[in-house]
Amino acid sequence: MSTLTTTRTADHPEEPDNRPEWIFSQTPSKPHATFDYDLAIVGLGYVGLPTALAYHHGGSRVLALDVSERRLDDIRGHRADLVEADRHRLDVAENDERFHLTSDPAMLAKARAIIICVPTPVDRHLIPDLTILKSACDMVVARAVPGQLVMLTSTTYVGCTEDFVQKPLEARGFRIGVDAYVSFSAERIDPGNERFDHDDVPRVIGGATPECEEEAVRVVSRYTTNIHRVSSVAAAEMTKLLENTFRAVNIALANEFADICSTLDIDVTEVIDAAATKPYGFMPFYPGPGVGGHCIPCDPHYLLWQLREQRVNAPLITQAMTEIASRPGRIVDGARDVLARGGIALANARILVVGIAYKPDVSDLRESPAIEILSGLAEHGATVGFVDNHFAGVRLPDGRLVDAVIDAAGFDADLILLHTKHTGTDLTWVRTDQLVLDATYRDSELAQSRVI
Ligand SMILES: NC(=O)c1ccc[n+]([C@@H]2O[C@H](COP(=O)([O-])OP(=O)(O)OC[C@H]3O[C@@H](n4cnc5c(N)ncnc54)[C@H](O)[C@@H]3O)[C@@H](O)[C@H]2O)c1
């Protein structure tokens, strides 16, 4: 990017103009630049790394950027949590000069499109924490060069792409749709899920202008032709919020049905499976110990947070998120009830939690209900342990470290709490005289399994 000029504008002759010099050149927008990479992915986490590999697999020259050297080391050392197909893609990519891993933001100027894929968590008050996204967008905007597309893929509030990308680019003098292109297209990846190839999942794209939309479609088509266009960036942002809020509300409903069925002594899973035979108008959601990961416990709060500014209530969503947040506490209560029925006080019990990841087949502990459940049980005086091949230990919110139990049978648990069942989880060590609380609601192989 050329240096800033102080040329005065016709509209405001006395004001310095901060637009870059190239804006005033004879050919401001063409040719833009020659780019060494078709695109750069900023943020190589659960979403960004598979996305980078999908683009590379589709034939693109990919600059894969992460600010964390530790993350880059994990990727180079093959320690990143990837499904088998992506592991294979990484093997291919790392031996190809068209795939470049870096932590150097200066290289962003060499990429024709920049795809931002960094975390958008909530803080402990459930307020969106936009610090990481803002800093990533600032980094990209500061280095933007003419002709680049900047696409946000992190889940966020409606208007964020405009606030964090479009307006800052305009402030630098870029003309959106002419010198720079802006779009939003949320990632829909389901980490750990081998059933859906990344490239087969349709992408929803919204552009800041029709030209931006075209540019975004051109880039995304490098790895999938499965594209659905919407009329604006805001519609694309809202689509992602609807998808995950839909899941949150339905999981809360499934949890409520689990409690209702328990009261009426009916197997909720049997009921849901039966309802799912209806070929239209019903989609099965299952109860569980709560929700974890980086999406469902967080994303609806981005919507609720932004609605508060407008003084608008969304009571159904609020209620669903409250139910979801209280679910681990219900599991602790359920454990106490099951133990009490077996004549054991929670305070004296030894409880072994099976699986602590937030869902099967991932090494992701973010927002995992298991942490709150282990904490809650320990606070009531229980002796807790866990088995999960993905983790050697876990730190509870009070700072205490709980090491993984190596010998599950030797732990001699009064209660076994099934939280997450990874593929291949071994339960042959469970004795028939041990109490089992199945918070997954799906384990029929243990005859003595109970749900709360
Ligand atoms: N995890 C999911 O299941 C999932 C699914 C769909 C969408 N999403 C959304 O995708 C986004 C990313 O989530 P994730 O799970 O991949 O996060 P993650 O925590 O797994 O990875 C984020 C990566 O971004 C890196 N990073 C942070 N700041 C950076 C910067 N300024 N420049 C470059 N790299 C930076 C971090 O080092 C980390 O490696 C979130 O908005 C999330 O809501 C997540």
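## A walking tour of the model

Start by selecting Arg350 and Phe411: the charged end of Arg350 sits over the Phe411 ring, 4.3 Å from its centre. Here a charge sits over a ring if NZ of Lys or CZ of Arg is within 6 Å of the ring centre and within 35 degrees of the ring normal. For another example, pick Arg442, which lies over the face of Tyr286 at 4.5 Å from the ring centre.

Before moving on, note that this is a predicted model, in which local features need pLDDT of at least 70 and side-chain atom pairs count only at pLDDT 80 or more, while totals for chains, interfaces and linings use all residues. Residues are numbered from 1 along each chain as its sequence is written, and side-chain values use heavy atoms, with hydrogens and water left out.

**Stop 1: the domains**

Colour the protein by domain: domain 1 (31-231), domain 2 (240-319) and domain 3 (327-450), with bounds that come from an automatic or database domain assignment. The C-alpha centres of domain 1 and domain 3 lie 37 Å apart. Their contact takes five residues from domain 1 and six residues from domain 3, where contact means heavy atoms within 4.5 Å.

**Stop 2: the cores**

Next, select Val42, Leu44, Tyr55, Leu108, Ile116, Leu133 and Leu169, the residues with the most contacts inside the largest nonpolar core, which has 84 residues. Such a core is a set of buried Ala, Val, Leu, Ile, Met, Phe, Trp, Tyr and Cys residues joined through side-chain atoms within 4.5 Å. Buried means under 20% relative accessible area, exposed over 50%, and partly exposed in between (1.4 Å probe, protein chains only). Helix H7 (residues 233-263) gives the most to this core, with seven residues. Helices (H or I, at least four residues) and strands (E, at least two) are DSSP runs, numbered from the N terminus. Domain 1 and domain 2 each supply at least three residues to the core.

Zoom in on Ile116. Not counting residues up to four places away in sequence, Ile116 touches ten residues you can light up: Val42, Leu133, Ala136, Cys137, Val140, Val150, Met151, Leu152, Thr153 and Ser154. A second, separate core of 32 residues includes Leu339, Ala404, Leu417 and Leu435.

**Stop 3: helix H1**

Select residues 48-57. Nine of the 10 residues of H1 are buried, so this helix is largely enclosed by the rest of the structure. The buried ones run through Gly48, Leu49, Pro50, Thr51, Ala52, Leu53, Ala54, Tyr55 and His56. Step just past H1 to Gly59, which takes a positive phi of about 105°.

**Stop 4: aromatic pairs**

Now show the rings. Those of Phe, Tyr and Trp (its six-membered ring) pair if their centres lie within 6.5 Å; planes under 30 degrees apart count as stacked, over 60 as edge-to-face and the rest as tilted. By this rule there are four aromatic pairs. In one of them, the rings of Tyr157 and Trp305 have centres 5.4 Å apart and planes at 70°, so the pair is edge-to-face. Tyr157 is in the loop between strand S5 (149-152) and helix H5 (160-171), and Trp305 is in helix H9 (residues 299-309), 148 residues apart. Tyr157 is buried at 9% relative accessibility, whereas Trp305 is partly exposed at 29%. Add Phe164 to the selection to see one aromatic cluster with Tyr157 and Trp305.

Phe246 and Phe285 also pair edge-to-face, 5.7 Å centre to centre with 75° between the planes. Phe246 lies in helix H7 and Phe285 in the loop between helix H8 (268-275) and H9, so the pair ties together parts that are 39 residues apart in sequence. Phe246 is partly exposed at 39%, and Phe285 is buried at 13%.

**Stop 5: cysteines**

How many disulfides does a search of the whole structure find? It finds zero, taking a disulfide as a pair of cysteine sulfur atoms within 2.5 Å. For Cys160, the nearest cysteine sulfur, that of Cys137, is 6.2 Å away. Cys160 is buried at 0% relative accessibility. The sulfur of Cys295 is 7.5 Å from the closest cysteine sulfur, in Cys298, too far for a bond. Cys295 is partly exposed at 31%.

**Stop 6: Met321**

Finish in helix H10 (residues 315-341), where you will find Met321. Met321 is buried, with a relative accessible area of 5%. Leaving aside neighbours within four places in sequence, Met321 is in contact with Ala248, Ile296, Pro297, Pro300, His301 and Leu304. For a last distance check, the C-alpha atoms of Met321 and Val338, 17 residues apart along the chain, are separated by 26 Å.
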